Amino acid sequence: MIPFSKTPLALKLGVILAAFALIPACSDDNHRNEPEVEVPMPDPDDGTGETPVRTLSFTGVATPSTDQEKRQIMAAPKVAVDGEEYEIGFHTLLRSGDVVNGNVTFGLLVDAAGQALYDDDGMIKVTDANEHTSLLPIGDRLFSVSQMETRPGAMFLMELDQDATTGELSPKELWQIDQSGVDGGWVHCAASVTPWNAHLASEEYEPDARSLPTSVETAADGYSATMLEYYADPSQWNPYFYGWNIEINVNAEGDAAPTTELTKHYAMGRLAFELSYVMPDSKSVYMTDDGTNVGLYMFIADTAGDLSAGTVYAAKWNQTSAEGLGAADLEWVSLGHATDAEIDAAVHGADGVPAITFSDIFEVDAEGCIDTATNGNKECLSLKPGMEKIASRLETRRYAALMGASTEFRKEEGITFDPAGSKLYLAMSEVGKGMTDGAGDVQIAEANACGAVYQLDVAADSEIGSDYVATNMYGLIGGIPTQYAADSAFAGNTCDVDAIANPDNVTFITGYNTLVIGEDTGSGHQNDVIWSLNLDEVDAADSTGGLTRIQTTPYGSETTSPYWYPNINGFGYLMSVVQHPYGESDGDKLAPGSLEHRAYTGYVGPFPAMDVSAE
């Protein structure tokens with residue numbers, strides 16, 4: 001067990017931040033309603049012999065057009081579920097810098113000893129890069145793990161109160177999670193909740209072990225240098241410490257203080273993880289890889305509910321169409337089997353053998369090398385003898401390229417699953433670069449700077465040993481590049497405001513045939529959006545069909561990790577985090593001295609319980 005570090009800070013900044021009022025959820029009367037999604041679902045208990053129809057309809061919000069609207073969070077005020085209407089909206093749990101019970105500052109960055117890090121001006125470092133926040137019911141209590149997309153990474157455990165009548169959630173207690181037992185955390189992007197109720201965290205944009213082998217090179221790298229603040233001795237730096245999945249199990253007995261158990265799953269490989277999604281069999285895991293010239297991966301665990309050993313596969317795109325968003329049949333290339341223990345020994349060294357380095361694994365530009373292009377690295381590589389297993393996990397993307405898998409995707413983001421339709425949905429924030437350069441496996445005819453969501457059919461594969469193997473991949477819905485007139489209320493948006501722009505993370509409302517899509521866009525949409533997509537209304541000729549805008553965010557924000565919980569003690573929740581307001585664009589619109597740059601961690605809802613069986 002890894003205990004929490006409770007930092008006894010009551011510094012001025014935290015107190016000031018905690019005192020500020022939260023921006024309330026609001027909506028616009030000029031809304032559009034989503035057509036009802038009608039999904040017949042068998043219900044053996046209704047006694048009528050008829051198949052009931054499930055329906056879902058949001059009261060949407062309009063595109064922000066005034067300065068006031070662009071500074072707010074606007075969210076759907078109502079939802080109709082199975083013919084009954086419910087009031088919902090966006091509810092803030094915490095904002096970065098809030099202090100809970102005078103003890104822990106939400107968003108505080110700490111070193112390996114649990115001590116606060118400080119800026120050059122002497123103020124504690126509090127990040128606005130809030131990312132995924134989960135909900136984890138344990139016994140009679142409700143917890144939430146929040147992770148921050150920072151270097152060093154930060155994680156927090158929150159205990160929540162849930163109003164038994166309204167379902168409203170509120171913070172009760174907060175702890176900073178100690179990550180020192182797993183070498184600290186790195187750029188925690190999106191996450192998921194496993195079927196066994198664990199928080200499965202990511203580490204994105206893994207440090208390149210070829211260019212950053214020691215702290216000397218890392219100190220000169222603007223992106224990675226802040227990670228050195230985590231160590232008492234910067235020479236402890238090892239690039240192979242980072243780029244893994246981290247499983248967080250929360251343990252809470254009775255009313256006792258909770259504890260956490262953190263495990264970096266080295267057996268699953270090392271990538272720029274956006275997130276990993278565990279399928280209903282608790283063995284098959286899809287792993288998305290964010291960046292330029294990246295791949296799609298699948299992990300098949302040896303044992304259900306245990307991610308410590310298994311086989312990694314990388315997808316090969318066998319193209320069937322170059323038109324539109326492209327289409328392909330998928331072939332899965334085995335990268336071999338490994339265990340956490342085997343790879344842990346390579347990362348940290350064992351039995352007098354030092355930790356593995358990049359130069360132990362590969363020769364570069366040697367005779368007979370293979371040209372590769374993986375996440376910004378164009379290089380000619382040869383694998384050194386006997387290093388197959390080590391390469392497959394420490395350098396998963398590079399090894400996949402050498403093994404003939406496709407590493408040409410651009411900004412591959414979140415993934416989710418519809419169990420009734422046996423389909424995966426995968427966000428691609430941009431269709432371009434390696435996907436449209438006319439070389440390699442992926443050769444889509446036309447780039448789409450506004451991105452797309454792809455659909456993948458899954459089926460049983462006896463050779464791989466999973467009932468959830470994706471067999472193909474094809475476009476579902478794309479953004480629409482647009483140029484608005486200078487005098488338009490939407491001037492500056494480079495994607496149609498009624499279509500998606502640079503989709504980031506996705507989640508599925510099972511039983512209601514509804515896909516939820518969150519955006520991470522700069523100029524595509526000035527104000528990032530969370531959409532609901534009625535899959536019955538998708539029209540290949542109209543990329544706005546079926547879309548309803550259910551949340552918008554302030555200037556310069558990103559919607560991070562919307563995630564659907566159909567039933568927690570009788571209520572449903574769509575978790576939603578609004579990252580770095582005014583931080584990605586429109587920084588000039590933040591008033592001097594304003595604290596409205598602080599991130600929001602919250603949810604849309606509460607909904608009624610909607611845990612419809614997929615069968």
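Is cysteine 189 buried or exposed? Cysteine 189 counts as buried, at 2% relative accessibility. Buried means under 20% relative accessible area, exposed over 50%, and partly exposed in between (1.4 Å probe, protein chains only).

All views show a predicted model, in which local features need pLDDT of at least 70, side-chain atom pairs count only at pLDDT 80 or more, and totals for chains, interfaces and linings use all residues. Residues are numbered from 1 along each chain as its sequence is written, and side-chain values use heavy atoms, with hydrogens and water left out.

**View A. Cysteine 189 has no bonding partner within reach, because the closest cysteine sulfur is too far away.** That sulfur belongs to cysteine 495, 20 Å from the sulfur of cysteine 189. A disulfide here is a pair of cysteine sulfur atoms within 2.5 Å. A search of the whole structure finds 2 such links. With the bonded cysteines numbered in sequence order, the pairing runs 1-2, 3-4.

**View B. Cysteine 369 and cysteine 380 form a disulfide.** The S to S distance is 1.9 Å. The link is right-handed, with 100° about the S-S bond. Cysteine 369 sits in the loop between strand 25 (362–364) and strand 26 (370–374), and cysteine 380 in strand 27 (residues 377–383). The two are 11 residues apart. Strands (E, at least two residues) are DSSP runs, numbered from the N terminus. Cysteine 369 is partly exposed, at 21% relative accessible area. Cysteine 380 is buried, at 8%.

**View C. Strands 25, 27 and 26 make an open sheet.** The order of the 3 strands is 25-27-26, and their pairing is antiparallel. Strand 25 and strand 26 are the edges, each pairing on one side only. From one strand to the next, the twist averages 50°. Such angles run from 0 to 180 degrees between N-to-C directions, with axes as lines fitted to C-alpha atoms. Two strands pair if DSSP finds at least two bridges between them. Strand 26 and strand 27 share 5 bridges. Cysteine 380 in strand 27 is the bridge partner of aspartate 371.

**View D. Cysteine 450 and cysteine 495 form a disulfide between two loops.** Their sulfur atoms are 2.1 Å apart. The disulfide is left-handed, because the torsion about its S-S bond is about -100°. Cysteine 450 lies between strand 30 (423–428) and strand 31 (452–461). Cysteine 495 lies between strand 33 (472–478) and strand 34 (503–509). The pair therefore ties together parts that are 45 residues apart in sequence. Cysteine 450 is buried, at 1% relative accessibility. Cysteine 495 is also buried, at 1%.

**View E. An open sheet of 5 strands has the order 4-37-36-35-34.** Its pairing is antiparallel. Strand 4 (74–75) and strand 34 are the edge strands. Strand 35 (residues 514–519) and strand 36 (residues 529–534) pair over 5 bridges. Asparagine 534 in strand 36 is the bridge partner of threonine 514.

**View F. The largest nonpolar core has 74 residues.** Such a core is a set of buried Ala, Val, Leu, Ile, Met, Phe, Trp, Tyr and Cys residues joined through side-chain atoms within 4.5 Å. Trp332, Phe409, Leu424, Tyr454 and Met473 have the most contacts inside it. Strand 13 (residues 154–162) gives the most to this core, with 6 residues. A second, separate core of 47 residues includes Trp237, Met268, Phe273 and Phe299.

How values were computed:
Helix = DSSP H or I, 4+ residues; strand = E, 2+ residues; numbered from the N terminus.
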